[in-house]
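Colleague: I am new to this structure and would like to understand the words people use for it. Could you take me through them one by one?

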Amino acid sequence: MASDSVIEISGLSKTYGSGDKGTLALNRLDLRVNRGEIFGYLGPNGAGKTTTIRLLLDLIRPSAGSARIFGLDIRNDSVEIHRRIGFLPGELTLWEGRTGRQIIDYVGSVRGDAKGIAKHADELAERLNLDTSKRVRDLSSGNKRKLGLVIAMMHSPELLILDEPTGGLDPLVQQTFHEMMDEYRDKGKTVFLSSHVLSEVQAICDRVGILRDGELKAVESVEKITNVEFHWVDVTFRDAIPAGLPQQLEALPSITDVSTNGARIRMRMLGDFDPLLRAISSGYVETLHVEEPSLEEIFLAFYSGDKES
Amino acid sequence: MTGIVVGNTLRTSWKQILYWGVGLGVLGLYIDFIAMSPDIISGYADLLQAMPPAMLQAFGVSDIALLTTAEGWIVSVFVSEAAIFLSVFAVMAGLNICANDEQSGLMDVILSLPISRAAYLLERWIGFALIGLGIVLLCALITIAGIMGMSVDASLDVIFKSILNLYPAALLVMTVTCLLATAFRRRAMAIGFSAAFVVVSYIFNAIGASASGAITDFMESVSYFSYIHGEAFVLGSYNPADSFIIIATVLIGFALSLRIFVSRDIGI
């Protein structure tokens, strides 16, 4: 194994069930995540992201293949691996009747350094604006998520495995989270982050793996993925779409798939906004709505040559 | 094994000792209170005498003569009733060992910590085994305090031992539930099969003790209720081998649970 690989996955497969009723959730996954990088694991729901994470954590067992973390086998050395990682599950469940502080102390004691960990946990909680004196059942879903982040990060693990980490967090806390991830990378630590939100991955990740139907379709730098990015743009005019505008837009090289509906015009746009803004300036624009493409669309664009266009 | 999970289990579930221990203790006090009145006891014995043997067994009675003494009354009635209530606790405790956490998703957080599956299951089992012991001891304490307070003519030693003898059976039901939960993964299935185990054991004991023959003897021998000998302590016929059989079964059952739990997927 290369010395700079923190995660090395080789031919990892997982089938749920057996025989004809078996469902292939992950198919011969090969992947390396390097030390000191933030790796985004992108895919639509059901693509196999959580299955991969659960395999890495030895919560489920592979049907074929193997994986190593820090050079250690995920099955035989799981306790040692878990000592050095932090994990935030996608659907976080905690002890409902206990306070954040009690859970932090308990997890800290299982990790073997309750006092030292608690100090760092306090710093993280303060930064995330989390009140650890409240019982879990009294926390909002966003605050539960913050507590999950504190628990995952409080022992300063060498590797963070985060499954959809920012779901339920408000934008300000998401920003703080992004800063924390940047600091993590600066310290030479590694983050493996699954998400189906492209903008989140763009904001913090160095490399991205795109998973679809249990198969890893691409591993690219974030820049490369960003280059294939396009937007859906909706423009609503106050009165009516100016005459000849749809044809004018279709003539622009960066705009395709123009459709109209009353005073509203929708299009797919690549690259800069300036040509579009100039074209629509002939009418009174009431609203302009820009929509991120779905992962599926990015994926299709990436492989259908849109990048070149 | 560090004992941290045992400690956490006790911290989160210690109230069960209070609720169940006091609940069963109050039942003990009620039976102590009746034992104060020889007329009620003998009247009850007369009533039971008219019943067929299977019905007597269902009431936990094999020797009517024992019911005419306060000591025999307490042991026969209380132990058989407490055994049923403790079985309910044991099923719940067995589910709490892993099934509830697995179904809720909490197990994903726990098993991402540096603790092996085997150590976790063992510590949870020990935690709930200690809670069960606490319940039995508290219930015995309250029952004995009632006997002393009401000046009932009964040997405290016999009463204490007969109540304590419920503990291995409670461990057995807890372990069987834990085994079913690790095997089936689904809480509802574990509850169903554990309840069936308790009910079938109870019926087998009642039928087995009321008739003789190869089949009925077998039925009695496989029922854990037949190893809870409250009356044997009064008659001086208690055989420690019976408790050892239950404890050996508990150990085998837990070893199987461990084997299944460490080798299968979690939370699917």
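Modeller: Gladly! Let me begin with a term: strands here are DSSP runs of E with at least two residues, numbered from the N terminus. With that in hand, Asp257(A) can be placed in strand β12 of chain A, residues 255-261. Please keep in mind that this is a predicted model.

Colleague: What makes the phi of Asp257(A) worth pointing out?

Modeller: Its phi is near 50 degrees, a positive value, and the residue is not a glycine.

Colleague: And why is Asp257(A) called partly exposed?

Modeller: Its relative accessible area is 48%. Partly exposed covers what is neither under 20% nor over 50%, so Asp257(A) belongs in that class.

Colleague: Which strand holds Arg28(A), and why is Arg28(A) called exposed?

Modeller: Arg28(A) sits in strand β2 of chain A, residues 23-34. Its relative accessible area is 61%, and exposed means over 50%, so Arg28(A) counts as exposed. Arg28(A) also has a positive phi, about 45 degrees, without being a glycine.

Colleague: What does chain A look like as a whole?

Modeller: Chain A has 11 helices and 14 strands. Its C-alpha atoms fill a box of roughly 70 × 45 × 40 Å along the principal axes. Of its 309 residues, 50% are buried. Among contacts between residues at least 6 apart in sequence, 68% join residues at least 24 apart.

Colleague: How do you know that α3(A) is oblique to α4(A)?

Modeller: Helix α3 (residues 100-111) and helix α4 (residues 114-127) of chain A pack at an angle of about 135 degrees, with their axes 8 Å apart. Roughly perpendicular ends at 115 degrees and roughly antiparallel needs over 145, so α3(A) is oblique to α4(A). Their crossing is right-handed.

Colleague: Which residues meet where α3(A) and α4(A) pack?

Modeller: From α3(A) they include Arg101(A), Ile104(A) and Asp105(A), and from α4(A) they include Ala114(A), Ile117(A) and Asp122(A). By class, this contact of α3(A) with α4(A) has 5 nonpolar, 2 polar and 4 charged residues.

Colleague: Turning to chain B, why is α6(B) called roughly parallel to α10(B)?

Modeller: The axes of helix α6 (residues 70-97) and helix α10 (residues 156-164) of chain B come within 10 Å and cross at roughly 15 degrees. Angles under 35 degrees count as roughly parallel, so that is the word for α6(B) and α10(B). The crossing of α6(B) and α10(B) is right-handed.

Colleague: What residues make up the contact of α6(B) with α10(B)?

Modeller: Glu71(B), Ile74(B), Val75(B), Phe78(B) and Val79(B) in α6(B) meet Val158(B), Ile159(B), Ser162(B) and Ile163(B) in α10(B). They divide into 7 nonpolar, 1 polar and 1 charged.

Colleague: How many aromatic pairs are there over all chains, and what makes Phe184(B) and Phe193(B) a stacked pair?

Modeller: The count comes to 11 aromatic pairs over all chains. For Phe184(B) and Phe193(B), the ring centres are 4.8 Å apart and the planes are at 20 degrees. Rings pair if their centres lie within 6.5 Å, and planes under 30 degrees apart count as stacked, so this pair is stacked. Phe184(B) is partly exposed at 29% relative accessibility, and Phe193(B) is partly exposed at 42%.

Colleague: What about Phe233(B) and Tyr238(B)?

Modeller: They form a stacked aromatic pair, 4.4 Å centre to centre, with 20 degrees between the planes. Phe233(B) has a relative accessible area of 14%; buried means under 20%, so Phe233(B) is buried. Tyr238(B), at 27%, is partly exposed. Elsewhere, Phe197(B), Tyr202(B), Tyr224(B) and Phe225(B) form one aromatic cluster.

Colleague: One last residue: where is Arg187(B) found, and why is it called partly exposed?

Modeller: Arg187(B) is in helix α12 of chain B, residues 187-210. Its relative accessibility is 32%, neither under 20% nor over 50%, so Arg187(B) counts as partly exposed. Leaving aside its neighbours within four places in sequence, Arg187(B) is in contact with Leu95(B), Asn100(B) and Gln103(B). Arg187(B) and Ala241(B) are 54 residues apart in sequence and 33 Å apart in space, C-alpha to C-alpha.

Terms used: Residues numbered from 1 in each chain as written. Chains lettered and ligands numbered in written order. Predicted model: local features only at pLDDT ≥ 70, side-chain atom pairs only at ≥ 80, totals over all residues. Heavy atoms only, no water. Helix = DSSP H or I, 4+ residues; strand = E, 2+ residues; numbered from the N terminus. Buried < 20%, exposed > 50% of the residue type's maximum accessible area, 1.4 Å probe, protein only. Axes fitted to C-alpha atoms, helices over the stretch in contact; angles between N-to-C directions. Parallel < 35°, antiparallel > 145°, perpendicular 65-115°, else oblique. Left-handed = near helix turned anticlockwise from the far one by under 90°. Contact = heavy atoms within 4.5 Å. Nonpolar A, V, L, I, M, F, W, Y, C, P; charged D, E, K, R; others polar. Phe/Tyr/Trp six-rings, centres within 6.5 Å; stacked < 30°, edge-to-face > 60°.
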